[in-house]
Amino acid sequence: MLGWELPPHNSGGLGVACYQLCQALAHKGVDIEFIVPYSAQHSANFMKITAARPVGVSEVVRGGIAYDSYRYVLEDGREEWHDIYDQQALYEAAVARMAFETEYDIVHAHDWLTFRAALRLKLARGVPIVLHVHSVESDRAGGKRGNPLVHEIEELGFQMADKIVAVSELTKQAIIRDYNIPASKIDVVHNSIDQTSIEPLDSNNSYAYLAALKEQGYRIVTNVGRLTIQKGLPNLIMAAKEVIRRVPKTMFLIVGSGEQYHELIELAANAGIGRNVVFTGFQRGKRWRDAYAIADLFVMPSVSEPFGLTPLEAIAYGTPSLVSKQSGVSEVLHNCLKVDFWDIEEMANQIASVVQHDVLRDAILAGARTEFANLTWNNAADQIKDIYNKHLVGAVT
């Protein structure tokens, strides 16, 4: 298994999905060695985790929450920082040198950062490769073509892969559209959520200011995620302006970091709603959980969201969701509100309806909790294991 991150050293849902899928696969007897590009301590006792270190490098340290914040400690004591494109090239070379260090039957790689490394192993060992697509470049570029280097890596990988796994039908169609890959080569395996990973809440919410406002009749709308063009936050800010005009006692809690952080703060200020919008930056642990729990509604307005675990996390902590129709999670979650990411007026209408009507909020949540109770990684693991077996000569099911 080739991946770019695992909890607790992750910046988003990719690492969480990889971890929970591997846990489910391990419980079904799959022996996994997960190769990450950095050195760190992990607590995943159900699989072996190995750091891929480039030649001349003694340690690769994940220096922050972004994909591109890795510090390379050289054997002579010097330190280097590389951009994300150099990092994936260094990872590719390091994995290639590991080709014959262990025995494996199949290579399973997650997203473009690991695709070239997977191709190296395929060439060296002749093993089948499965490419797991959590997003394509047009997703990350907000519907545009995006970076040509990344586009080229994805295209080559998809052509050479033995099987492609897409996290949603939305993602499958994007692969077909952007890269002209036959539909028969792509299987859809929806993400899920490990319900045992949901930690209990305590009675004291971290956001005491917002809790005090709720006692005065305010309602809270939360978003949790990276502040990037893909996530559609400018549209949420514009919808928030209309909601606050109609329902002044509405607060918006924006949890996350990214390149649009300062832009979104300025956008809220220019819209005249700065006092109603709270930006927290990146959060983990209790403050992350409490951001969901304090809310009356969670909103995921993504321009293109291949799957999107955050609405499921919101349900786990007692909050219903409004999701964009351009999301994979909308294919499996039915008890939620849905809106086109570009329809700011309708987004405002739906948010205003929930913050004005507790009965509507509670009804959506009740249905969502029923759905949530039936979600499991078990089915996804069965599908992945079936893919393995179909591509292994003489495999035993």
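## Exercises on a predicted model

An open sheet of three strands runs in the order β3-β4-β5 with antiparallel pairing, where strands and helices are DSSP runs numbered from the N terminus (strands: E, at least two residues; helices: H or I, at least four), and two strands pair if DSSP finds at least two bridges between them. The model is predicted, so local features need pLDDT of at least 70 and side-chain atom pairs count only at pLDDT 80 or more, while totals for chains, interfaces and linings use all residues. Residues are numbered from 1 along each chain as its sequence is written, and side-chain values use heavy atoms, with hydrogens and water left out.

### Exercise 1: the antiparallel sheet

Task: determine which strands stand at the edges of the sheet β3-β4-β5, and which residue of β5 is the bridge partner of Y72.

Solution. Begin with the edges: these are β3 (57-62) and β5 (79-81), each of which pairs on one side only. From one strand to the next the twist averages 25°, with axes being lines fitted to C-alpha atoms (for helices over the stretch in contact) and angles running from 0 to 180 degrees between N-to-C directions. Next, take the pair formed by strand β4 (residues 70-74) and β5, which is antiparallel and extends over three bridges. Within β5, the residue that partners Y72 is E80.

### Exercise 2: salt bridges around R78 and R361

Task: starting from R78, state which side chains it meets in salt bridges, and then find the network to which R361 belongs.

Solution. A salt bridge is a side-chain nitrogen of Lys or Arg within 4 Å of a carboxyl oxygen of Asp or Glu, and the structure holds 26 of them. The side chain of R78 meets that of D76 at 2.8 Å, N to O, and that of E80 at 3.8 Å, N to O. To place these residues relative to the surface, use relative accessible area (buried under 20%, exposed over 50%, partly exposed in between, with a 1.4 Å probe and protein chains only). R78 is partly exposed at 46%, D76 is exposed at 52%, and E80 is partly exposed at 28%.

Turn now to R361, whose side chain forms a salt bridge with that of D362 at 3.0 Å, N to O. R361 is buried, with a relative accessible area of 17%, whereas D362 is partly exposed at 42%. Through shared partners, salt bridges join K214, R219, D296, D358, R361 and D362 into one network.

### Exercise 3: the parallel sheet and its helix

Task: give the order of the four-stranded sheet, and identify the helix that packs on this sheet.

Solution. The four strands form an open sheet in the order β6-β7-β8-β9, and the pairing is parallel. At the edges stand β6 (107-110) and β9 (186-188), each with a single partner strand, so one side of each is left without a neighbour in the sheet. The twist averages 25° from one strand to the next. Strand β8 (residues 163-166) and β9 pair in the parallel sense over three bridges, and in β9 the bridge partner of I164 is I186. The helix that packs on the sheet is α14 (residues 378-391), which touches β6, β7 (129-133), β8 and β9, and whose direction makes about 175° with that of β8.

### Exercise 4: the nonpolar core and the whole chain

Task: name the residues that touch the most other members of the largest nonpolar core, and describe how compact the protein chain is.

Solution. A nonpolar core is a set of buried Ala, Val, Leu, Ile, Met, Phe, Trp, Tyr and Cys residues joined through side-chain atoms within 4.5 Å. In the largest one, which has 70 residues, L2, L25, F158 and I175 touch the most other members. Helix α1 (residues 13-27) gives the most to this core, with nine residues. With contact meaning heavy atoms within 4.5 Å, and residues up to four places away in sequence not counted, L2 touches I35, Y91, V95 and V107, among others.

For the chain as a whole, count 14 helices and 15 strands. The radius of gyration, taken over C-alpha atoms, is 22 Å, close to the 21 Å that the globule rule (2.2 Å times the number of residues to the power 0.38) gives for 397 residues, so the protein chain is as compact as a globular protein of that length. Of these 397 residues, 54% count as buried.
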